[in-house]
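This report walks through a protein model, taking up its strand pairing, its metal site and its cysteines in turn. Please keep the sequence and the structure in view while reading.

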Amino acid sequence: MKTEIVFYGHAALGLTIGQHKLMVDPYFTGNSAAKVSARDVCADYILVTHGHGDHVGDAVDIAKRCGATCVANAEICRWLGAKGLKTHAQHIGGGFTYPFGYLKLTNALHGSLLPDGSDGGNPAGFLLTTPDGLKIYMAGDTGLFGDMRLIGEEGLAVAVLPIGDNYTMGPADALRAVKLLAPQAVIPIHYNTFPVIHQDVQAWKKQVEEETQSRVVILAPGESFLLEK
Ligand code: NI
Ligand code: MN
């Protein structure tokens with residue numbers, strides 16, 4: 001089964017798992033890093049980590065146009081459901097088996113206010129186990145936390161981590177996160193989109209690969225990573 005991760009810029013991801021298409025935090029409109037617009041993408045499922053505008057992004061428009069089901073915490077799903085969208089609410093620590101795999105919501109240290117000021121509940125990350133058994137951890141916006149070690153115990157093929165600093169982990173804490181998570185590959189995101197999150201990603205790759213067994217996969221917006229089972 002083909003499992004591919006496309007990076008759209010900032011924190012927006014597209015996943016292809018077999019015939020299933022997912023988007024995570026589909027922020028295109030206003031995303032200076034994005035090379036495509038929200039009109040050009042579609043998905044069966046849209047996953048939203050937390051309520052901030054650079055993560056909810058174009059979820060409403062894309063879900064309406066594509067008939068996608070939105071997956072997020074209960075508060076965000078209530079907000080999306082009130083806009084007429086199909087939703088599947090979960091919450092932190094809970095998992096559910098979808099056609100594309102088993103998705104568990106994980107802890108994240110961050111905020112989650114929705115764009116109109118509504119309460120977006122607690123922010124989350126996602127731990128996805130594909131039908132092939134590949135584990136993909138998408139941390140969402142978060143600071144470093146020691147329980148990443150527990151997530152790492154699951155045996156990760158990939159971790160997608162923010163490294164931008166200011167709003168999330170910076171490079172030093174993201175390196176510590178890699179040590180706790182021990183993924184085979186790590187994809188850095190949430191950097192360089194705005195001046196306050198500018199980072200030297202090549203220097204980070206070098207340091208991570210010197211100090212851990214993990215391979216750093218730097219994706220430019222539009223580039224993708226194919227997972228091998
Ligand atoms: Ni955020
Ligand atoms: Mn963010």
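Leu127 stands opposite Tyr137, a residue of strand 10, and this pair is a convenient place to enter what is a predicted model. The surrounding pairing is between strand 9 (residues 124-129) and strand 10 (residues 135-138), which are joined in the antiparallel sense over 4 bridges.

**The sheet**

Both strands belong to an open sheet of 7 strands, whose order is 7-8-9-10-11-12-13 and whose pairing is mixed. At its edges lie strand 7 and strand 13 (215-216), each of which pairs on one side only. In general, the strands of a sheet pair through backbone hydrogen bonds, and they may do so in a parallel or an antiparallel manner.

At one of these edges, strand 7 (residues 95-98) runs antiparallel to strand 8 (residues 101-107), and 4 bridges join the two. The connection from strand 7 to strand 8 is a hairpin through 2 residues, and within this pairing Thr97 has Tyr102 of strand 8 as its bridge partner. Elsewhere on the sheet, helix 5 (residues 171-181) lies across strand 10, strand 11 (158-162) and strand 12, and the helix runs at about 160° to strand 11.

**The metal site**

Which residues coordinate the manganese ion (ligand 2)? The donors are Asp54 and Asp141, each through OD, together with His55 and His190, each through NE2, at 2.1 to 2.2 Å. Written along the sequence, the spacing of these donor residues is D-H-x85-D-x48-H. The nickel ion (ligand 1) is 3.2 Å from the manganese ion (ligand 2), and Asp141 coordinates both ions.

The site also brings together separate parts of the chain: Asp54 lies in helix 1 (residues 53-56), whereas His190 lies in the loop between strand 12 (185-189) and helix 6 (201-211), so the pair ties together parts that are 136 residues apart in sequence. As to exposure, Asp54 is buried, with a relative accessible area of 15%, and His190 likewise counts as buried, at 1% relative accessibility.

**The cysteines**

The count of disulfides in the model comes to 1. This disulfide is formed by Cys42 and Cys66, whose sulfur atoms are 1.9 Å apart, and with -115° about the S-S bond the link is left-handed. The pair connects distant parts of the chain, 24 residues apart, since Cys42 sits in the loop between strand 3 (20-24) and strand 4 (45-47), while Cys66 sits in helix 2 (residues 59-66).

Why are Cys70 and Cys77 not bonded to each other? The closest cysteine sulfur to that of Cys70 is in Cys77, at 7.1 Å, which is too far for a bond, because a disulfide requires the sulfur atoms to be within 2.5 Å. Cys77 is accordingly in no disulfide, its nearest cysteine sulfur being that of Cys70, 7.1 Å away.

The exposure of these four cysteines is set out below.

| Residue | Relative accessible area | Class |
|---|---|---|
| Cys42 | 43% | partly exposed |
| Cys66 | 22% | partly exposed |
| Cys70 | 0% | buried |
| Cys77 | 4% | buried |

Read together, the entries show that Cys42 and Cys66, the partners in the disulfide, are partly exposed, whereas Cys70 and Cys77 are buried.

Conventions
Residues are numbered from 1 along each chain as its sequence is written. Chains are lettered from A and ligands numbered from 1 in the order in which they are written. This is a predicted model: local features need pLDDT of at least 70, side-chain atom pairs count only at pLDDT 80 or more; totals for chains, interfaces and linings use all residues. Side-chain values use heavy atoms; hydrogens and water are left out. Donors are N, O and S atoms within 2.8 Å of the metal (3.2 Å for Na, K and Ca); water is not among the atoms, so sites may look incomplete. Buried means under 20% relative accessible area, exposed over 50%, partly exposed in between (1.4 Å probe, protein chains only). Two strands pair if DSSP finds at least two bridges between them. Contact means heavy atoms within 4.5 Å. Axes are lines fitted to C-alpha atoms, for helices over the stretch in contact, and angles run from 0 to 180 degrees between N-to-C directions.
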